[in-house]
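Take a look at the structure below. A short walk through it follows, from the whole chain down to single residues.

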Amino acid sequence: MTEVAAAASAAGLASLGIQCCKGWTTYYNSYKAYDEQIGAVHEQIQVLIALFEMLERVLSQNAANPSQASSLQKVDEILNMCQGRLQVLQAFLETCRSVALPNSTAVLLQKIKARALFPFKKKTLLTLRENVQSLRDDIQFALSVLQ
């Protein structure tokens with residue numbers, strides 16, 4: 001794979017990561033005040049967005065630099081490993097979005113009462129946090145390869 005193709009592939013995955021994580025922050029923004037754990041997931045996703053944006057900038061700066069070819073190839077390999085987790089996060093986001101957000105006080109109270117619903121179960125939040133943390137670790141490693 002040429003360095004331009006590797007950079008393009010990596011940049012596409014970085015863009016997908018940004019899009020997916022911004023979807024999560026939009027979704028959880030409405031709920032983050034409900035629970036400390038939801039707020040923590042929201043914060044982790046914000047950090048992941050910043051990492052993806054930084055990676056996107058670094059990739060665009062190094063895309064045409066022949067001396068970075070091996071680094072870009074390694075970053076492409078790292079991001080390809082992340083692709084499956086990003087797809088899982090995206091699919092989970094779509095599932096969560098299918099649960100209607102509260103649009104009135106009565107609905108809000110009903111949602112608070114039924115907080116044990118799918119998107120807010122402790123196990124679900126833990127799985128989401130682990131997935132986000134794993135992606136953060138991989139993106140930080142990819143950034144370190146480029147520096």
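The paragraphs below go from overall layout to confidence, then to the core, the helices and a few chosen residues.

Start with the layout. This is a predicted model. The chain has five helices and zero strands. Read from the N terminus, the order is α-α-α-α-α. The chain counts 147 residues, and 40% of them are buried. Its accessible surface is about 7800 Å², with 55% of that belonging to carbon and sulfur atoms.

Now look at how the chain meets itself. Take the contacts with a separation of 6 or more: 82% of them join residues 24 or more positions apart.

How far can the model be trusted? The average pLDDT of the chain is 77, and 73% of the residues score at least 70. Confidence is highest in α3, at 85. It is lowest in helix α4, residues 105-113, where the mean is 66. Where pLDDT is low, the predicted coordinates should not be read in detail.

Next comes the interior. The largest nonpolar core holds 36 residues. Which of its members touch the most others? They are W24, F52, L55, L59, V75, L79 and I139. The elements that give two or more residues to this core are α1 (3-29), α2 (36-62), α3 (69-97) and α5 (122-146). In soluble globular proteins, nonpolar side chains tend to be buried together.

W24 is a good place to stop. Setting aside residues up to four places away in sequence, W24 touches I45, L89, F92, L93, C96 and L128. Of these partners, L89, F92, L93 and C96 are among the buried residues of α3. L128 is among the buried residues of α5. V41 belongs to helix α2. Its C-alpha is 9.4 Å from that of W24, and the two are 17 residues apart in sequence. V41 counts as buried because its relative accessible area is 1%, under the 20% limit.

Turn to α3. This helix has 29 residues. From first C-alpha to last it reaches 40 Å, close to the 42 Å expected at 1.5 Å a residue. α3 also has a kink of about 30°, centred on C82. C82 is itself buried. Other buried residues of α3 include S71, L72, V75, D76, I78, L79 and L86. An α-helix has 3.6 residues a turn, so residues three or four places apart point the same way.

Then α5. It has 25 residues and reaches 36 Å from its first C-alpha to its last, close to the 36 Å expected at 1.5 Å a residue. Its buried residues include L125, V132, L135, I139, A142, L143 and L146. Polar and charged names appear in the buried set too, among them T124, N131, R136 and D138. L125 has a relative accessible area of 3%, so this residue counts as buried. L125 and Q37 are 88 residues apart in sequence, yet their C-alpha atoms are 7.3 Å apart in space.

Go back to α1, where A10 sits. Is A10 buried or exposed? Its relative accessible area is 0%, so A10 is buried. Which residues does A10 contact, beyond its neighbours within four places in sequence? They are L59, V75, D76 and L79. L59, V75 and L79 are among the core members that touch the most others. A10 is also 132 residues from A142 in sequence, while 9.9 Å separates the two C-alpha atoms.

End in a loop. Q68 lies between α2 and α3. Why does Q68 count as buried? Its relative accessibility is 16%, and the limit is 20%, so Q68 falls under it. Leaving aside neighbours within four places in sequence, Q68 is in contact with N62 and L146. L146 is one of the buried residues of α5.

How values were computed:
Residues numbered from 1 in each chain as written. Predicted model: local features only at pLDDT ≥ 70, side-chain atom pairs only at ≥ 80, totals over all residues. Heavy atoms only, no water. Helix = DSSP H or I, 4+ residues; strand = E, 2+ residues; numbered from the N terminus. Buried < 20%, exposed > 50% of the residue type's maximum accessible area, 1.4 Å probe, protein only. Contact = heavy atoms within 4.5 Å. Areas by Shrake-Rupley, 256 points an atom, 1.4 Å probe, with all protein chains shown as cover. Core = buried A, V, L, I, M, F, W, Y, C linked by side-chain atoms within 4.5 Å. Expected span 1.5 Å × (residues − 1). Bend = angle between axes of the 7 residues up to and from the residue. pLDDT = per-residue confidence, 0-100.
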